[in-house]
Amino acid sequence: MAGFIAHLDADAFYVSAERVRHADLANKPVGVLGNNGACVIAKSYEMKAKGVKTGTPIWDAAKMCPEGVYVKRDFYWYEVLSRKMLGIVGTFSPKLEYYSIDEFFFHAEPLRHGQQLATTATTIRDHILEATGLPVTIGIARTRTLAKLFSDTGKPFGAVAVLTRDHERELLAKMPVTEISGIGGKRADRLAPYGIRTCLDLADADGRLVKRLLTKTGHEIWMELNGEPVMPIRPERPPHQVLGRGGSLMGNVEDPKVLWAWCVRHVERLIEELRYHNVRTTTLAVEVGWKDQGWTGGTSNSPTPTDRIDELLDLARASLRRAYVTGRTATHMQVKATELRRGKGFQLSLFDKPDPKKDKLATVKAAINEKYGRFKVRTATTLYLPAVYRDPANEYDICDVRGKVCF
Ligand SMILES: [Mg+2]
């Protein structure tokens, strides 16, 4: 018979990470705020009990939980702890997937011959708390879908091993189908007319019906719910098809100069990423999110793959111009490199002149920033964003954490 899969998930990870370095936050209601300090992006169980949710604006949260302690997020620190967990979990299982910043999947094997898997889960959980200060929950089951479901219900600080069909069915009957990640409102609505409300209803439904209602992915979930592992553990991140950088503009942006400054900032971040993965791109897309008016995008191409700022900014300028709509208010932006080419085999076309001087300049810039801190040397256009660069909380974003499968 096939082996078992474990899902490990840190409890209230951002809050727990803050408690690792600020012991006085223990047992207090703590909220972690997003990059512009406007919304709660993570909360402690004490704060959750007061009704504060992920996404609650700070002014509402402060009313619901006036005694709460609110801190700004620091993804750099969270990644330090995330890698520490990754290292420890790796000592328990070589086949390990870095799924998200605080979640891992791995093959569950007894640590000692004859040990019960429930004991294995408890041992790993306790070891991680001792070594990192982070409380985690572990679920062990026959498939990754089941392992994740059972660890979610085991929170906080749980260690559950669900190894038999009877035990699975007993728990699945109590879980609404929306507990499965990816089965949100719309998909659940499609299932409801067929009387499929709990995870067990879905597992017991006809596989062909599930495929018709939820496509191939839904059918895979159905198989996994029935204990058939079809979603493997992916120890390596699949190769990138697209690399992107972007996010909220930290408020409303009407001035095209400021919009361009954001674009340049994202291109500089994207170049770090291209260099890290040793890829270049021929295609750069810029997408702008407008206040209450959706998104628009523009794309431009270069004849040869590049990771150089002067060339990428030429592409970005043309793409932003295509995406730009006069008179609208921008709130978000994404800059994406599609059409990635691996490091070896770059070839200049007949019309390209190699430019060793500009390549050197890029290397020096990267070296200085590596040594003295991100954005120490940056394009002058980004001077239009003084507040963004003044606040060290903005130096590092969640998507700067490398290697995880899921963002
Ligand atoms: Mg978590």
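Biologist: Which residues are linked in a network of salt bridges?

Modeller: In this predicted model, the network takes in R245, R269, E272, E273, R374, D397 and D400. The structure holds 31 salt bridges.

Biologist: What makes D400 and R269 a salt bridge?

Modeller: The N-to-O value for their side chains is 3.8 Å, and the cut-off is within 4 Å, so the pair qualifies. D400 sits in the segment after α14 (386-390) and R269 in helix α11 (residues 256-276), so the bridge ties together parts 131 residues apart in sequence.

Biologist: Are D400 and R269 buried or exposed, and how do you know?

Modeller: Buried means under 20% relative accessible area. D400 has 6%, so it's buried, and R269 has 3%, so that one is buried too.

Biologist: Okay, what about R19 and E46: why is that called a salt bridge?

Modeller: Their side chains meet at 3.2 Å, N to O, and since the limit is 4 Å, the label fits. R19 belongs to helix α1 and E46 to helix α2 (residues 45-48), with their positions 27 residues apart, so to speak: the pair links distant parts of the chain.

Biologist: Why are R19 and E46 called partly exposed?

Modeller: That label covers the range between under 20% and over 50%. R19 comes in at 21%, so it counts as partly exposed; E46, at 27%, gets that label as well.

Biologist: Where do K216 and E220 lie?

Modeller: Both are in helix α10 (residues 207-225), four residues apart, or about one turn of the helix. Their side chains meet in a salt bridge at 3.3 Å, N to O. K216 has 56% relative accessibility, and exposed means over 50%, so K216 is exposed. E220, with 24%, is partly exposed.

Biologist: How do you know that α1 and α4 are roughly perpendicular?

Modeller: The axes of α1 (residues 13-21) and α4 (residues 75-92) cross at roughly 90° and come within 10 Å. Angles of 65 to 115 degrees count as roughly perpendicular, so the two helices get that name. On the α1 side the contact is made by F13, Y14, A17, E18, V20 and R21, and on the α4 side by F75, W77, Y78, L81, S82 and M85. Those contact residues split into nine nonpolar, one polar and two charged.

Biologist: Moving on to the sheet: what makes β9 and β11 edge strands?

Modeller: The order is β9-β12-β10-β11 in an open sheet of four strands, paired antiparallel. β9 (243-253) and β11 (294-306) each have a single partner strand, so one side of each lacks a neighbour in the sheet. On average, neighbouring strands are turned by 15° against each other, direction ignored.

Biologist: How do you know that β10 and β11 pair?

Modeller: Pairing takes at least two bridges. β10 (residues 279-290) and β11 have nine, in the antiparallel sense, so they pass. One of the bridge partners is T296 in β11, matched with V288.

Biologist: Which helices pack on or lie across those strands?

Modeller: α11 packs on the sheet, touching β9, β10, β11 and β12 (330-342), and its direction makes about 155° with that of β9. Helix α12 (residues 309-323) lies across β10, β11 and β12, at about 150° to β11.

Biologist: Last one: why is K358 called partly exposed?

Modeller: K358 has a relative accessible area of 38%, which falls between the 20% and 50% limits, so partly exposed is the right term. K358 lies in helix α13 (residues 356-372) and touches R308 and D310, leaving aside residues up to four places away in sequence. The C-alpha atoms of K358 and D310 are separated by 8.4 Å.

How values were computed:
Residues are numbered from 1 along each chain as its sequence is written. This is a predicted model: local features need pLDDT of at least 70, side-chain atom pairs count only at pLDDT 80 or more; totals for chains, interfaces and linings use all residues. Side-chain values use heavy atoms; hydrogens and water are left out. Axes are lines fitted to C-alpha atoms, for helices over the stretch in contact, and angles run from 0 to 180 degrees between N-to-C directions. Angles under 35 degrees count as roughly parallel, over 145 as roughly antiparallel, 65 to 115 as roughly perpendicular and the rest as oblique. Contact means heavy atoms within 4.5 Å. Ala, Val, Leu, Ile, Met, Phe, Trp, Tyr, Cys and Pro count as nonpolar, Asp, Glu, Lys and Arg as charged, and the others, Gly among them, as polar. Buried means under 20% relative accessible area, exposed over 50%, partly exposed in between (1.4 Å probe, protein chains only).
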